[in-house]
Amino acid sequence: LTHVEDHVFDGHDGVATADSHLMGLHDTLSGKKSSLHVSDKWDGAPSVVFGKDPDSGHFFVASKSAFNKNPKLNFTPEDIERNHGHAPGLVEKLKWALKYLPSIMPKGGGVFQGDIMHAPGDVEKKGGMYSMTPNTITYSAAADSVEGRNMRKPFGIVVHTQYGRGRDLQSMDAEPLSDKQREKFDKHPDVNNIDPTIKINPSNYTPEEQKAFLNHMENARRTYASMKPESMDAIAGHGPNLEAHINNTIKTGETPSVQGYMDHLTAKNQKDIEKVKTQAAKDKKIQAHATVLKHISDNRNHFDKLLQTHSHLQNAKNILVGVMAKNSDYGHSIAGEPTGPEGAVGVDKQGNMSKFVNRQEFSRNNFLRGKIQQMKAQQNA
């Protein structure tokens, strides 16, 4: 999935996609109709593929290995032991999935994917709250709320993907689970089938937030409009490295810049040089790098304008992510510290997808994940 603002690195069409998706989510949160289908991201684990096997017609559960050249499909508990015995935690969750998921399968069959949120013994009750920690984020809800009561059910899952238009699993296309298909799932008292469709409460999207969002969008459009026609040609092929530079600045707290990007490439090139042994190979990489740096320097204005456009779009997105967090029915924390939700995923009618995540918060979450890993390592030492 691509961060919505990172689409700008794909040229003019990418800028149009970023603009369209941001405005689509803005309209959705405002209570207006939008062609963008948006769903919450959930921090569940493991991811499970399930449904009726196209070949045999029997119900199966699987990990993502369902799409291997030689798929590992599990029709019985014995299959799970044989295919995944090396991972006891996965075995346990897949067995629960095999027990409970047939009870909610649509009568017309199908193949789906979702993230397991809780299984028997996973949900805790403390201080009038129920909580589940399927992966890193802890989700909490009042015990007497709808969400809290649903957590009392033995098994919880977020189904988010459907597969179709293929003769077998390997050739099937994936797409977000449609509202029409979601309605076909059966209800069962033992299964907490969580709907990831984002909650809408227009009153949570204040006039001040809407004004700030539109200002950021206008700044992005003005900056983009000031770019020369050849600008996108100048940055062609730099998308992956620019994204890597952006991600690095998120971790360090720095602001993306043309000079920072050049420094990023220089550090990367130095590592590449150290991997080769002959002086001829080293000289070749040094020369190629010098050519790249000259190109960036000669087109500095183009790169600078693009990074400015990216920044304005990211600021606009962060406002929307903050509004979505207010609409959530759950509390979120990591290692006892409050945090925001995972974010959301948007898909347009052409199949273009974007993720809406506050990257600064995401970086903080990764830091907290590191703390959790350190704590577990100390406990196991």
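Helix H2 passes helix H3 in a right-handed crossing; a crossing is right-handed if the near helix is turned clockwise from the far one by less than a right angle, and left-handed if anticlockwise. The model described here is predicted, so that local features need pLDDT of at least 70 and side-chain atom pairs count only at pLDDT 80 or more, while totals for chains, interfaces and linings use all residues. Residues are numbered from 1 along each chain as its sequence is written, and side-chain values use heavy atoms, with hydrogens and water left out.

**Helix packing**

Two packed helices are described by the angle between their axes and the distance between the axes. Helices (H or I, at least four residues) and strands (E, at least two) are DSSP runs, numbered from the N terminus. Axes are lines fitted to C-alpha atoms, for helices over the stretch in contact, and angles run from 0 to 180 degrees between N-to-C directions.

H2 covers residues 77–84 and H3 covers residues 88–100; they pack at an angle of about 155°, with their axes 10 Å apart. H2 is therefore roughly antiparallel to H3, a term for angles over 145 degrees (under 35 is roughly parallel, 65 to 115 roughly perpendicular, and the rest oblique). In a second pair, the axes of helix H6 (residues 207–225) and H11 come within 8 Å and cross at roughly 160°. H6 is thus roughly antiparallel to H11. The crossing of H6 and H11 is left-handed.

**Pockets and a cavity**

On a 1 Å grid over the protein atoms alone, a cavity is a set of points where a 1.4 Å probe fits but cannot get out, whereas a pocket is an open set with protein on both sides within 12 Å along at least five of seven lines; lining residues have an atom within 4 Å of a point. Grid points are joined across faces, edges and corners, and a volume is the space filled by probe spheres set on the points. For the lining classes, Ala, Val, Leu, Ile, Met, Phe, Trp, Tyr, Cys and Pro count as nonpolar, Asp, Glu, Lys and Arg as charged, and the others, Gly among them, as polar.

The largest pocket holds about 820 Å³ of space. It is lined by 42 residues, of which Trp42, Ile194, Asp195, Lys199 and Tyr330 are the closest to its centre. At least two lining residues of the largest pocket come from each of helix H4 (146–151), helix H5 (179–182), strand S10 (191–194), helix H11 (300–327) and helix H12 (359–380). H11 gives the largest share of this lining, with 6 residues.

The second largest pocket has a volume of about 460 Å³. Among its 22 lining residues, Leu1, His160, Thr161, Val345 and Met353 are the closest to the centre. Strands S1 (37–40), S4 (111–118), S8 (155–164), S9 (173–176) and S13 (344–347) each supply at least two residues of the lining of the second largest pocket.

The structure also holds 1 cavity of 30 Å³ or more, and the largest cavity has a volume of about 30 Å³. Its lining consists of His37, Ser39, His160, Pro176, Leu177, Arg182 and Pro196. His160 thus appears both in this lining and among the residues closest to the centre of the second largest pocket.

The table gives the lining of each space by class.

| Space | Nonpolar | Polar | Charged |
|---|---|---|---|
| Largest pocket | 15 residues | 13 residues | 14 residues |
| Second largest pocket | 9 residues | 6 residues | 7 residues |
| Largest cavity | 3 residues | 3 residues | 1 residue |

**Individual residues**

A cis peptide bond with an omega of about -5° joins Ala45 and Pro46. Pro46 lies in the loop between S1 and strand S2 (47–52).

Ala335 is not a glycine, yet it has a positive phi of about 55°. This residue is placed in the loop between strand S11 (331–334) and strand S12 (337–338). Ala335 is partly exposed, with a relative accessible area of 41%; buried means under 20% relative accessible area, exposed over 50%, and partly exposed in between (1.4 Å probe, protein chains only).

Gly14 belongs to helix H1 (residues 12–29) and is buried, with a relative accessible area of 5%. Val111 in strand S4 is also buried, at 2% relative accessibility. Gly164, found in strand S8, counts as partly exposed at 22% relative accessibility. The C-alpha atoms of Gly164 and Ala174 are separated by 6.9 Å, and these residues are 10 residues apart along the chain.
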